Amino acid sequence: MPFIKRGASTPVTESKPGEATAPHIAALSSPDAEMRWGAARALGGVAAAVPVLAAALDGEQNPRVREAIMTALMRIGDEASVRTLLPYLRSQDARQRSAAIETLQALPGAVEPFVAALLGDADTDVRLLATELARNMPPKHATLVLCDLLKKESHPNVCAAAVEVLAEVGTRDALPTLKACAERFANVPFLPFAIEATIARISSTES
Amino acid sequence: MVPPDVPVARAVLIAQDDVRRLCEFLYRRTGMSFDDSKRYFIDRRLAERIAATGSGSFQSYFATLRADAGHEIEHLVNAFTVNETYFYREDHQLRCMTSHLLSDLLRRKRTGDSIRIWSIPCSTGEEPYSIAMWLMENWSEVDNYNIEIVASDIDTRALKAAAEGIYGARALMRLSRDMIERYFERIDDGRVRIDPGLRDSVQFTQANLVDGPDMTRYRDFDIVFCRNVLIYFDDTSRRVAAENLYDCMRPGGYICLGHSETMSRISPLFSVCRYPEAIVYQRPEATDDGS
Ligand SMILES: C[S@@+](CC[C@H](N)C(=O)[O-])C[C@H]1O[C@@H](n2cnc3c(N)ncnc32)[C@H](O)[C@@H]1O
């Protein structure tokens with residue numbers, strides 16, 4: 001006799017075999033959110049589905065389904081998925097921007113070819129967000145692209161964001177650029193202070 | 001001396017690219033993400049599998065693996081899992097279950113209803129048995145409901161050990177002598193066997209957290225313990241696992257993660273519930289259409 005009473009029903013059913021993708025693609029535009037959620041989840045990893053996932057993301061209002069579409073794109077993780085997500089970095093909706101950045105951050109390899117261009121974007125907010133993408137890149141490369149940004153960046157908030165990422169991943173190669181940046185922004189109260197802390201951090205962790 | 005039936009791992013030269021291919025293969029099947037910093041861990045296990053299959057080179061081993069000859073995928077997965085666990089691990093969460101979660105869930109239940117609890121991953125069984133023991137010891141309502149404890153893991157070897165229920169001192173370190181007397185029978189040299197009544201309180205099954213179709217077999221859980229596995233996953237696998245678990249739970253159901261894991265950094269699907277004993281996550285009760 002089990003100590004703990006157990007229901008007679010068997011809680012586990014037979015595994016469903018993998019299904020074809022066509023019905024899921026159709027279900028992505030169903031009026032029923034549950035169907036769209038299931039479809040987005042089933043299309044994760046299906047590279048051919050990127051265009052339909054992109055179109056679905058464009059019109060999707062349900063936050064849970066949006067999440068599932070993002071996850072599906074994350075699982076595919078190719079250049080086309082990255083291109084689908086990039087425009088959301090310009091969204092007026094802060095939640096959409098941060099969802100896009102989180103998804104892109106999980107794809108450091110696929111995002112890398114785009115980072116330099118994003119860091120040179122005309123839009124300050126895009127440059128600021130793009131510094132986050134460097135966080136998951138190999139330290140040497142992250143240092144390189146962030147230093148390139150710091151050399152020409154005029155907006156102190158963007159510099160501050162880059163400095164913060166460098167504090168985490170930067171190598172000693174960043175030190176001269178950081179010093180120059182501190183001098184350039186000597187009048188901005190918070191920046192030289194943040195840079196000093198980052199210089200100290202990099203100097204102490206890397207030999 | 002190595003027993004004659006255990007093949008000796010011979011030094012097979014494994015190139016960096018081969019390690020990447022293997023890790024990629026493993027990642028796609030399990031969600032576990034190994035990078036170069038784990039080379040020692042990877043090389044040792046890979047060498048063991050190459051020896052066990054009698055493959056002369058990585059290439060020939062990889063062909064065996066891709067063909068899944070002799071269930072090699074299962075053996076490889078079993079070799080790469082980390083099964084570390086023990087009884088009453090993070091018991092503050094068990095306390096939280098009996099002091100808060102169950103009473104909240106009971107608001108929607110009637111006497112005799114089922115309460116479904118899932119330990120995934122359960123590894124060698126210490127966690128689901130701990131849940132059953134804790135309920136026996138600390139929850140006065142235990143006989144008034146149909147409590148179904150399901151315990152799942154991807155690792156078939158661990159599941160076999162779980163069903164056998166034989167444990168040594170390390171697994172028991174957090175249990176009082178009294179508890180050991182009550183729920184185990186001594187067999188030999190410090191090892192004990194779980195009481196058959198307790199063993200039959202738990203249903204063991206194989207499940208893969210990142211396999212959507214596989215996870216559709218599991219539904220309607222009220223409480224899920226998903227502890228100390230997401231640390232082996234990358235961000236993508238964590239999100240996939242979270243979405244899979246969402247579908248396996250009843251609205252209003254709770255999920256407990258390991259102490260170094262936080263759902264807030266993985267997915268916004270669940271809401272955070274802070275209790276004095278633990279932080280747990282809840283699948284929202286209402287559907288979220290249009291919100
Ligand atoms: C460290 S143990 C955790 C056991 C227990 N939950 C605890 O906290 O003590 C991790 C377990 O995760 C299992 N695991 C790894 N990947 C899995 C997957 N994709 N699906 C299910 N279980 C998995 C391993 O087989 C291993 O038994």
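The following legends describe close-up views of a predicted model.

**Figure 1. Overview of chain A, a chain of helices in the predicted model.** Chain A holds 12 helices and zero strands. Its pattern along the sequence reads α-α-α-α-α-α-α-α-α-α-α-α. Of the 207 residues in chain A, 49% are buried. Among contacts in chain A with a separation of 6 or more, 62% are made by residues 24 or more positions apart.

**Figure 2. Helix α4(A) and its surroundings.** The 14 residues of α4(A) should span 20 Å at 1.5 Å a residue, and the end C-alpha atoms of this helix are indeed 20 Å apart, so expectation and model agree. Because 12 of these 14 residues are buried, α4(A) is largely enclosed by the rest of the structure. The buried positions include the charged residues Arg64(A), Arg66(A) and Glu67(A). Also buried in this helix are Val65(A), Ala68(A), Ile69(A), Met70(A), Thr71(A), Ala72(A), Leu73(A), Met74(A) and Ile76(A). The cover over the buried residues includes, from chain A, α2 (33-42), α3 (50-59), α5 (79-85) and α6 (94-105). Helix α12 of chain B also contributes to this cover.

**Figure 3. The largest cavity, lined by residues of chains A and B.** A search of the whole structure yields one cavity of 30 Å³ or more. The largest cavity contains about 30 Å³ of space. Its lining consists of Arg41(A), Gly44(A), Thr71(A), Ala72(A) and Arg75(A), together with Val240(B) and Glu243(B). Two elements give two or more residues each to this lining, namely α4 (63-76) of chain A and α12 (235-248) of chain B. The largest share, three residues, is supplied by α4(A). By residue class, the lining of the largest cavity comprises two nonpolar, two polar and three charged residues. Two of the lining residues, Thr71(A) and Ala72(A), are also among the buried residues of α4(A).

**Figure 4. The second largest pocket, with α4 and α6 of chain A in its lining.** This pocket encloses about 580 Å³ of space. It is lined by 22 residues, of which Pro63(A), Arg64(A), Glu67(A), Arg95(A) and Pro268(B) are the closest to its centre. The elements that give two or more residues to the lining are α4 and α6 of chain A. Eight nonpolar, five polar and nine charged residues make up the lining of the second largest pocket. Arg64(A) and Glu67(A), listed here close to the centre of the pocket, are buried residues of α4(A).

**Figure 5. The open sheet of three strands in chain B.** The strands are arranged in the order β3-β5-β4, with antiparallel pairing. Strands β3 (166-167) and β4 (184-188) stand at the edges, and each has a single partner strand, so one side of each is left without a neighbour in the sheet. The antiparallel pairing of β4(B) with β5 (residues 191-194) of chain B extends over four bridges. Within this pair, Phe184(B) lies opposite Ile194(B) of β5(B).

**Figure 6. The hairpin of β9(B) and β10(B).** Strand β9 (residues 271-274) and strand β10 (residues 279-282), both of chain B, pair in the antiparallel sense through four bridges. The hairpin connection between β9(B) and β10(B) comprises four residues. Val272(B) has Tyr281(B) as its bridge partner in β10(B).

Terms used: Residues numbered from 1 in each chain as written. Chains lettered and ligands numbered in written order. Predicted model: local features only at pLDDT ≥ 70, side-chain atom pairs only at ≥ 80, totals over all residues. Heavy atoms only, no water. 1 Å grid on protein atoms, 1.4 Å probe; cavity = no way out; pocket = protein on both sides within 12 Å on 5 of 7 lines; lining within 4 Å. Points joined across faces, edges and corners; volume = space filled by probe spheres on them. Pairing = 2+ DSSP bridges. Expected span 1.5 Å × (residues − 1). Buried < 20%, exposed > 50% of the residue type's maximum accessible area, 1.4 Å probe, protein only. Contact = heavy atoms within 4.5 Å.
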